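Let us walk through the packing of side chains in this protein, beginning with a charge and a ring and ending in the interior.

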Amino acid sequence: MAAKRVCLAYSGGLDTSVILAWLIEQGYTVVAFLADVGQNEDYDAVKAKAEKIGAERMIIQNLQQELVEELVWPAVQCSFGRPRAKCTTPAHGYSDIPSRCDSSWPGRLSIKRRRRSSRGAYRSSTSDSRPCPCHPPSLGDADPDSGRQALLDFAEAKGVPVTSTKQKPFSMDANLIHCSYEAGMLEQPELEAPADMWTMTVDPMKAPDEPTRFTVHFEKGIPIKLEVGDKTITGSLEIFKAANEIGRANGVGRVDIVESRFIGLKSRGCYDTPGLTILRTAHRDLEGLCMDSKVRAIRDQMVTSNWTTCLYNGMYFSPEREFLHNSIVFSQRHIEGKVNMVAYKGSAFAVGRSSETSNLYSETESSMDTLEGFSPVDTSGFIAIQAIRLEKYGARKIRDGEPLAPV
């Protein structure tokens with residue numbers, strides 16, 4: 001490399017602090033970048049740590065508004081920042097999924113492609129291929145392939161200040177949306193996560209005995225207003241923070257799962273996601289009132305799963321993700337109305353909903369107390385037509401000596 005200048009997506013955590021120390025040791029000039037996306041962070045301390053380790057500059061950019069509007073509202077999109085400090089190479093901390101960094105892992109990185117980290121992202125217009133600093137060829141004892149314990153040893157040897165310890169080596173990534181927890185004893189999936197690990201929600205067992213009632217208003221599938229008590233909250237960031245607080249106080253949004261990584265291996269992770277859990281629950285309920293059933297079925301079967309796969313596998317900047325995104329936007333054109341919600345001891349659920357624009361629900365046509373709107377003859381004809389293929393299926397089974405309903 002002619003110019004050994006790197007922009008490092010720096011969280012201040014164990015892996016990025018070790019990477020920063022290693023880059024400095026290798027002679028790189030490093031500009032550290034951190035996106036403020038709502039994580040509970042002492043930014044002055046992060047800046048001081050980066051500079052103490054040896055970063056030339058520490059850039060911190062507030063992207064909370066963009067995170068909500070570009071990621072949360074359009075069904076989990078990706079917010080990104082673009083630090084410009086005349087850097088030739090971007091880098092980020094150790095990834096648990098190698099192919100998210102580069103398909104030729106751990107070989108070379110095509111800088112032209114956009115990259116994202118868990119706390120913001122970056123992109124470069126450079127098209128050169130160079131060794132990938134996000135996973136350097138060797139960190140000696142601190143090679144990321146050696147695991148977090150080796151990183152802790154490297155940090156201790158080099159005097160790199162980190163909050164993780166060998167007793168509590170959790171990998172934690174936090175932002176306005178959630179906090180994730182991995183590593184340490186969590187890698188034993190049969191063990192219960194420690195009670196003091198969770199940072200964004202209270203213990204559901206210790207949540208208030210009185211439920212919190214609130215109402216969420218939507219327009220084209222996007223929350224536009226939240227009413228709780230005597231408060232009315234508007235503005236995307238303010239609404240999401242209010243939902244976060246409701247979820248936090250009531251212990252809503254804790255998940256402990258074993259998931260399938262991109263490469264097919266299993267991994268256990270715990271997640272705190274209070275506000276998004278609440279708003280997603282309300283949104284899904286309103287779709288039940290406003291969205292055509294056939295459109296919803298196709299969206300859920302084909303769009304939703306492929307959309308989440310794109311994001312999970314790091315394929316945000318891809319043509320398939322753009323296609324899926326436009327499909328989602330189209331499906332949300334008529335999702336307008338409000339949902340009355342209750343949050344209570346770890347759960348959030350709808351207790352009522354209404355829409356002034358949807359005509360798919362009719363109290364008269366759906367009533368069990370009257371046949372108004374339908375003729376009994378219509379019903380009988382519908383049942384007879386639906387039964388034709390089933391009668392033929394049963395007749396074939398009887399002809400072949402098969403039981404009609406095998407166990």
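Over the ring of which residue does the charged end of Lys4 sit? The ring is that of Tyr28, whose centre is 5.3 Å from the charged end of Lys4; a charge counts as over a ring if NZ of Lys or CZ of Arg is within 6 Å of the ring centre and within 35 degrees of the ring normal. The model is a predicted one, in which local features need pLDDT of at least 70 and side-chain atom pairs count only at pLDDT 80 or more, while totals for chains, interfaces and linings use all residues. Residues are numbered from 1 along each chain as its sequence is written, and side-chain values use heavy atoms, with hydrogens and water left out.

Arg321 likewise lies over the face of Tyr316, at 4.0 Å from the ring centre. Tyr316 is buried, with a relative accessible area of 8%, whereas Phe317, at 32%, counts as partly exposed (buried is under 20%, exposed over 50%, partly exposed in between, with a 1.4 Å probe and protein chains only).

Turning to the interior, the largest nonpolar core (buried Ala, Val, Leu, Ile, Met, Phe, Trp, Tyr and Cys residues joined through side-chain atoms within 4.5 Å) has 39 residues, of which Phe214, Leu226 and Phe240 touch the most other members. This core draws at least three residues from each of domain 1 (5-158) and domain 2 (171-291 + 334-354), the bounds coming from an automatic or database domain assignment. Leaving aside neighbours within four places in sequence, Phe240 is in contact (heavy atoms within 4.5 Å) with residues including Val68, Trp73, Leu176 and Leu279.
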